[in-house]
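Student: Please pick one part of this protein and go through it slowly. After that, set it against the rest of the chain, with the cut-offs behind each term.

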Amino acid sequence: VWAGYGVTVDKAAEILVAEMFELETYERQRKHEKEEGNLVRTIRKNVDGSRGMQQHIGIKVSALDNRLFENWYSWKENKLSYGRKAYMVGFVPLSEFSGEKCEGKENYKSGETTGIYIIEEVAKNVCRVTRIQTVDLNMYLPAKALEILAGTQLVEANMLQEKFRRNAKKVDEEVRGVLVERMKQGVKLDEEQEKLFHELEKFFAKEKEGWEKLKSPDEGVEMEINKKGKDKKLRVALGRAKGTADCTAEEAAAWYFEYCSRERMAIDREEGNPARLEIRKGEGRINEKLFAVVKKFPFPLNNREFVIRHIWSKMKDKTVAIAVVPAVDKVDWSGGMGKLTKGQTKAIFTATNVESKGEIPQCKIELLQYLDAGVHLPAQIVNKKIPLSLSVLKEINNSFNRDDDVDRDELTKLVNIIKNEEQEYDDTEKEAIRKGKEFYDKCKEDKHFVELESPDDRVKMKLVYLDGESLGTGIATTVVDANVEECAAHEYYMDSREFQRSAKKKGITEYHVKKANDHSFYYIVTRDLGFLLNKREERSKITWMKEDGIVLIDVSDTKAVMEEYPLKKSNILASVHTVWVFEPLAPIGEIPQTAVTFTTRVDTGGNIPTAAANYNAKEFLSLVSDSRKKFDKSKDIDDFNRFHIIEKMKKIKKKSANTVGKLFQKRGDIKIESAFPLADNWLKVLGKGEGWGKTTVKVKAGLPMTAAFFWDFSSTAWQEITGDAERIIEKEVGEWKRIVKRKQKLQKKHGVRHKKREYWSVMKLHKVDEETIIITMAPVKRGRDVSKEMMERMIMSDAHKAQEEVTIRLRKRGELETSVEVVIRVDLRKDVSVKATTFAMERHLDEASAVLRYFNNLVNLKEMTKEVGEALGADLVWDGGQLGGQNSRKDREKHMEEVCKESAALREVVKKHPWFVTLLKRTRLGELSRNNAVKVKLECVEMKEAWAIGNNLIPCLKSRKVIAAGVDQW
């Protein structure tokens with residue numbers, strides 16, 4: 001029987017030579033004993049001082065019959081074209097060796113085998129292995145038995161692939177890297193190849209008319225179709241696509257040329273296509289490959305078979321082209337593809353290097369493709385298949401995507417212009433800035449406004465009606481952790497890739513940016529307001545100006561581009577006047593601070609329902625929140641503030657006698673299950689609106705750091721933990737005494753909200769000794785603790801007044817461990833049900849013990865412990881306050897993302913394995929599915945495998961009575 005295989009292996013060619021030639025290993029010996037029992041296995045190396053080797057081995061052919069194979073092995077190195085290496089490992093019957101032989105005297109028949117391994121270098125750590133072998137068992141076997149025998153010998157191909165499999169993306173990069181270097185050098189086309197390129201160029205050049213625009217799946221790729229015929233059924237069509245990629249022309253061309261790369265094979269499988277393979281015929285031309293593919297077509301149509309040649313050529317210094325032409329070769333699919341219809345395709349792919357974006361290379365990519373389906377097809381199928389074929393440009397974009405780097409480079413240039421380059425403004429631009437200032441000042445001074453509920457607690461929103469106008473003006477203010485130039489550049493750069501990605505989510509269906517100069521541009525936009533309303537279009541001129549360190553951006557209506565961009569039929573022209581003002585504030589440490597004010601008035605034209613107007617107003621104002629989040633450095637600011645608190649605490653000399661020991665001996669009636677497994681929580685409801693509670697936790701932080709965390713009342717960390725609408729230090733009375741205010745959103749478990757509660761408290765810190773610190777909060781005494789002005793503000797507030805008494809005892813348990821005990825008594829006042837009171841108390845206790853989560857999230861992967869792991873696991877499945885009692889898929893998936901971002905340990909895991917978030921999401925969703933074993937190495941796991949691993953948890957748990965056993969099986 002003759003048999004052979006060809007396989008690509010993710011290992012260096014030299015290592016594969018050793019793998020094939022080195023027979024005397026423990027692994028091979030164990031395998032022989034397992035499969036062949038006590039049959040002979042003798043190996044003799046360095047025969048006659050050469051690299052030759054002899055093997056004397058017994059093989060079981062059947063339960064009653066064995067065969068003895070005696071072979072002579074050797075290997076050699078070959079040099080291929082373009083400096084590539086190849087190795088040959090050959091073996092023949094020992095009878096062909098003329099020297100001393102290692103012959104055995106076993107009492108069973110002899111068999112004969114001859115074969116060769118050809119190992120070609122593809123890249124430094126990738127090679128192609130071809131094995132051809134013939135075996136004569138010296139006995140009669142049916143054809144089916146011979147097929148089975150051949151198959152068992154050829155499983156070696158799968159074994160080699162699995163044994164040395166590496167990350168697919170890295171392997172593709174290595175293979176492309178070799179091809180890229182060849183493309184840079186170029187290769188001379190032979191006569192036939194030159195003719196093919198010439199014919200393709202001539203073929204596509206004549207197709208100048210009949211092109212129609214196609215809806216592209218990627219904003220960065222333009223697509224067109226040219227249908228050959230006007231009937232409802234088509235056989236032939238042409239497609240054209242253009243785009244830009246963040247790579248060199250050689251890299252884009254190499255990606256397209258490698259038709260059977262791991263990435264492209266994976267995409268092909270996702271599309272449901274039955275087969276794609278490379279056909280090899282000896283060494284061949286270095287710039288040419290032959291491929292065969294079967295494309296899936298909808299029932300009842302036959303699938304289409306295409307056999308194609310890829311030929312690359314360096315056309316000019318900056319351009320690489322790839323010709324795709326049909327081949328006449330027949331492919332033996334072994335009858336496993338069913339009935340196929342032969343299709344034909346021709347294409348020219350070109351990639352041209354253009355000016356880089358900073359250090360990021362850029363190239364223009366274009367694809368012209370001809371498709372002949374073999375028979376006439378319904379037009380709707382052709383309309384679907386052509387974009388699918390052209391979407392290869394989108395896949396190139398995705399593979400080399402560096403959107404964030406490109407945006408960063410453009411923003412850096414713009415920041416430098418705003419900061420350092422003088423600008424000259426014409427009269428119309430000066431007038432626009434003057435009107436913008438006037439508009440901003442009017443809104444700022446107007447005292448008649450309506451506060452809007454902001455989706456971001458750190459952004460204040462309000463609505464102003466100027467001079468009795470019916471149109472409201474929206475104003476949003478915040479503080480951003482960046483300098484004025486960075487803030488202004490971020491808002492001014494409207495053509496960023498980040499903006500392109502998010503435009504549709506903001507209701508923008510189409511937009512154009514036309515640059516006027518370095519400080520102004522024209523902005524043409526179409527918006528979908530929803531609510532079945534006609535689309536709105538805007539024509540604006542956007543101008544920035546910097547004066548006295550303040551940057552102002554004015555967005556005003558313009559008619560200058562109406563001819564170039566006329567209003568589309570049925571759309572309504574809207575009027576917009578927007579002003580951004582960026583004012584520098586004092587930095588916090590080394591972190592710059594900027595006060596940002598966004599003022600906007602929009603006349604959408606026509607009658608707009610109130611719901612639509614309110615929704616779109618908030619969407620507009622939320623731009624300020626986006627800017628704040630973009631530059632958020634809250635954690636750094638909190639760290640800076642805590643460092644200064646710790647330094648200040650070191651100077652405390654006078655010790656306090658305030659021990660409050662008896663207070664912590666009390667215990668509530670109800671032990672509650674906390675969101676934190678290591679927290680000991682008790683509470684007692686004293687009546688409607690009144691409750692008492694106690695919590696005890698140990699945190700992974702030293703005593704000074706823990707005390708600083710609790711004392712930093714207005715920190716962002718506490719804002720996020722409590723979800724308070726407001727947390728303010730009203731007045732510093734002394735070094736360790738202050739008056740604080742917090743405004744809490746009170747709600748029941750099922751989500752019904754009560755009116756906000758406002759707490760005014762006196763906060764004190766007492767250092768009992770070197771190992772104990774106590775922090776207390778008590779309700780303010782109206783005559784003694786607060787000034788007249790403060791009292792007026794308390795009375796004027798529309799929130800219900802409530803009281804809380806808090807005592808926190810912090811005790812050192814180690815250099816990086818602190819015991820935290822918190823006792824809370826709350827009086828919510830007014831009529832609050834027992835259930836709402838209980839829920840409010842649980843929230844208070846969770847707030848107190850949330851310090852556990854905060855410091856656990858700071859633990860890196862190397863320092864993780866079983867206890868911290870348990871707490872992190874509980875956090876991952878917490879349905880309490882974090883999800884507000886909601887259990888939707890979206891909430892659970894979002895929660896997984898947030899935990900992975902907040903935990904230092906999980907951030908390390910996700911950075912190394914991005915698919916880990918997908919695994920956690922699927923695990924957390926807990927949806928019943930079939931168990932699918934995943935047999936790949938860790939470094940080879942990708943999103944598909946992560947999805948399956950996550951889905952496997954529930955089937956594993958269902959198959960075991962004990963949770964731990966189910967998890968072990970998983």
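Tutor: The account below starts with one strand and then moves outward to charged residues, a loop and the cysteines.

This is a predicted model, in which local features need pLDDT of at least 70 and side-chain atom pairs count only at pLDDT 80 or more, while totals for chains, interfaces and linings use all residues. Residues are numbered from 1 along each chain as its sequence is written, and side-chain values use heavy atoms, with hydrogens and water left out.

The part is strand 36, residues 817-827. Helices (H or I, at least four residues) and strands (E, at least two) are DSSP runs, numbered from the N terminus. Nine of the eleven residues of strand 36 are buried, so the rest of the structure largely encloses this strand. Buried means under 20% relative accessible area, exposed means over 50%, and partly exposed lies in between (1.4 Å probe, protein chains only).

Strand 36 has pairing partners, where two strands pair if DSSP finds at least two bridges between them. One is strand 35 (residues 800-814), which runs antiparallel to strand 36 and is joined to it by eleven bridges. The two form a hairpin, with two residues between them. Within this pairing, Arg 809 has Glu 821 of strand 36 as its bridge partner. Strand 30 (residues 690-699) is also antiparallel to strand 36, with ten bridges. Here Lys 694 has Val 823 of strand 36 as its bridge partner. In a regular strand, side chains alternate between the two faces of the sheet.

Asp 827 belongs to strand 36 as well. Apart from neighbours within four places in sequence, Asp 827 is in contact (heavy atoms within 4.5 Å) with Gly 689, Glu 690, Ala 802 and Gln 803. By comparison with another part of the chain, the C-alpha atoms of Asp 827 and Lys 546 are separated by 51 Å, and the two residues are 281 apart along the chain.

Now the chain around the strand. The protein chain has 27 helices and 36 strands, and its C-alpha atoms fill a box of roughly 115 × 75 × 55 Å along the principal axes. Of its 970 residues, 48% are buried. Among contacts with a separation of 6 or more, 63% join residues 24 or more positions apart.

Charged residues come next. A salt bridge is a side-chain nitrogen of Lys or Arg within 4 Å of a carboxyl oxygen of Asp or Glu, and the whole structure holds 67 of them. In one of these, Lys 163 meets Glu 19 with the closest N and O atoms 2.9 Å apart. Lys 163 is in helix 4 (residues 156-164) and Glu 19 in helix 1 (residues 13-21), so this pair ties together parts 144 residues apart in sequence. Lys 163 is partly exposed, at 31% relative accessible area, whereas Glu 19 is buried at 18%.

Another salt bridge joins Lys 741 to Glu 730, with the closest N and O atoms 3.7 Å apart. Lys 741 is in strand 32 (residues 737-744) and Glu 730 in strand 31 (residues 726-734), so the pair links parts eleven residues apart in sequence. Both Lys 741 and Glu 730 are buried. Elsewhere, salt bridges with shared partners join Glu 120, Glu 258, Glu 278, Arg 280 and Lys 289 into one network.

Glu 491, in helix 13 (residues 484-492), is buried yet has no salt bridge, and the nearest side chain of opposite charge is Lys 506, 7.4 Å away. For charge, Lys and Arg count as positive and Asp and Glu as negative, while His and the chain ends are not counted. The side chain of Glu 491 does make a polar contact of 3.2 Å with that of Ser 627. A polar contact is a pair of N or O atoms within 3.5 Å; within protein, one must be able to donate a hydrogen and the other to accept it, and residues adjacent in sequence count only if both atoms are side-chain atoms.

Gly 606 sits in the loop between strand 27 (591-603) and helix 15 (610-630), and is exposed at 60% relative accessibility.

Last, the cysteines. There are zero disulfides, a disulfide being a pair of cysteine sulfur atoms within 2.5 Å. The sulfur of Cys 260 is 17 Å from the closest cysteine sulfur, that of Cys 127, which is too far for a bond. Cys 260 is partly exposed at 22% relative accessibility, while Cys 956 is buried at 3%.
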